[in-house]
Amino acid sequence: FPEVSNTETSAHFLPYKDKMEIYMKEEAFKFYKDQATFQGNLLMKPTGLTGGGIMTLDKAEVESEFFTYNANWFRSDAADLRVFAEEGEFAILGDNLRTHIDLKMRQGLFNANESESSFNLISNNYMCYIDKCVWDMDAESFALGDIVSLNNPGSKFVSTHPNQESLSFFAKSAEYSLKDYIIHADGVESIVVADAVIHPDS
């Protein structure tokens, strides 16, 4: 079980069903020695702790109707990710992700529930279509994409800027930093701009 605390809650113990429902009142629950907070309700059973609501971490929050909690990590089969920029505005939005966040390892792993998921890189005006994303919490970076094959040339990036319509490219590997909000893309063979195709020399 994880370490959880709150100053005031409402609880409903069901002894014959061997479970306890714990409801948040005014303040959020504190998880993992104050490394995260949780706004929502919890269900405790001998088999473990689960809940539905919003987990808030460093510069990010994860929302799901069903979280499973361990002493060091939490996970969900379907969650939405919201990452914040310094000004409090959104930097990244990701939907419908299989999520596993380990507070001891300081790492988050996100997998697409379909063939690929979209990450909206709002600060950069780009949409990224990926199968997997790894969040290094201490380095404040996201490794975007995983599988590269003949049928999958990498992660697709599409500009959402109104003056850059149809600008797109594939990257064999890419990293996004929350320190400078720059997309570092490697293995880009070509960039499509309107009716032109540009081949980078480096």
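1. In this predicted model, strand β4 (residues 29–31) runs antiparallel to β5, and three bridges join the two strands. Within that pairing, Phe29 has Phe38 of β5 as its bridge partner.

2. The connection between β4 and β5 is a hairpin with four residues between the strands. Tyr32, in this hairpin, takes a positive phi near 50°, and a reviewer checking backbone geometry may wish to look at this residue in the displayed model.

3. Strand β5 (residues 36–45) also pairs with strand β3 (residues 19–24). The sense is again antiparallel, over four bridges. Here the bridge partner of Glu21 is Leu43 in β5.

4. A further partner of β5 is strand β6 (residues 48–57). Nine bridges join these antiparallel strands, and a hairpin leads from β5 to β6 through two residues. One of the bridge pairs places Gln39 opposite Ile54 of β6. Strand β5 is thus described with β3, with β4 and with β6.

5. The aromatic side chains merit separate comment. A search of the whole structure finds 14 aromatic pairs. Among them, Tyr32 and Phe74 have ring centres 6.4 Å apart and planes at 25°, so the pair is stacked; the angle lies under the 30 degrees that defines stacking. Tyr32 belongs to the loop between β4 and β5, whereas Phe74 belongs to strand β8 (residues 73–84), so this pair ties together parts that are 42 residues apart in sequence.

6. Phe74 takes part in another aromatic pair, with Phe67. This pair is edge-to-face, with 5.5 Å from centre to centre and 85° between the planes. Phe67 is buried, with a relative accessible area of 0%, and Phe74 is likewise buried at 0%. Tyr32 is also buried.

7. Which residues make up the aromatic cluster? Phe29, Phe31, Tyr32, Phe38, Phe67, Tyr69 and Phe74 form one cluster. Its members include Phe29 and Phe38, which are bridge partners, and Tyr32, the hairpin residue with positive phi.

8. A last point concerns Ser177, which is placed in strand β17 (residues 173–177). Is Ser177 buried or exposed? Its relative accessible area is 9%, and because this value is under 20%, Ser177 counts as buried. Leaving aside neighbours within four places in sequence, Ser177 is in contact with Glu140, Ser141 and Ile182.

Key. Residues are numbered from 1 along each chain as its sequence is written. This is a predicted model: local features need pLDDT of at least 70, side-chain atom pairs count only at pLDDT 80 or more; totals for chains, interfaces and linings use all residues. Side-chain values use heavy atoms; hydrogens and water are left out. Two strands pair if DSSP finds at least two bridges between them. Buried means under 20% relative accessible area, exposed over 50%, partly exposed in between (1.4 Å probe, protein chains only). Contact means heavy atoms within 4.5 Å. Rings of Phe, Tyr and Trp (its six-membered ring) pair if their centres lie within 6.5 Å; planes under 30 degrees apart count as stacked, over 60 as edge-to-face and the rest as tilted.
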